[in-house]
Amino acid sequence: MGRMIHKITECMGSLFTCTNVYVSNSRQEVSITQAIYDQDVLVHKNNIILSVNQLEEIIKKAHSYD
């Protein structure tokens, strides 16, 4: 899927997460992939694909949440 636009790695004890965000070549979809490792062992991996419009709506709701 397109191009990586964001990457963050976080560590908590023996667990560490690696989150990558990609945008499609058409710039219409965003893919968020997160892998959770316990030392060197992959424990869980998720991938979420949202349209840019859906993501913008989520961000608007997050900013207006009371």
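In what order do the 4 strands of the open sheet lie? The figures below address this point in a predicted model.

**Figure 1. The open sheet and its strand order.** The strands follow the order β1-β2-β3-β4, and their pairing is antiparallel. At the edges stand β1 (3-12) and β4 (41-51); each has a single partner strand, so one side of each is left without a neighbour in the sheet. On average, neighbouring strands of this sheet are turned by 10° against each other, direction ignored.

**Figure 2. The pairing of β2 with β3.** These antiparallel strands are joined by 9 bridges. C18 has A35, in β3, as its bridge partner. Helix α1 (residues 52-64) packs on the sheet, where the helix touches β3 and β4. The direction of helix α1 makes about 100° with that of β4.

**Figure 3. The loop between β2 (15-23) and β3 (29-38).** Two residues of this loop are N25 and R27. N25 has a relative accessible area of 70% and is therefore exposed, the cut-off being over 50%. Although N25 and G2 are 23 residues apart along the chain, their C-alpha atoms are separated by 4.7 Å. R27 is likewise exposed, with a relative accessible area of 65%. The phi angle of R27 is positive, at about 60°, although R27 is not a glycine.

**Figure 4. Q39 in the loop between β3 and β4.** Q39 is a residue other than glycine, yet its phi has a positive value near 60°. With 57% relative accessibility, Q39 counts as exposed.

Key: Residues are numbered from 1 along each chain as its sequence is written. This is a predicted model: local features need pLDDT of at least 70, side-chain atom pairs count only at pLDDT 80 or more; totals for chains, interfaces and linings use all residues. Side-chain values use heavy atoms; hydrogens and water are left out. Buried means under 20% relative accessible area, exposed over 50%, partly exposed in between (1.4 Å probe, protein chains only). Two strands pair if DSSP finds at least two bridges between them. Axes are lines fitted to C-alpha atoms, for helices over the stretch in contact, and angles run from 0 to 180 degrees between N-to-C directions. Contact means heavy atoms within 4.5 Å.
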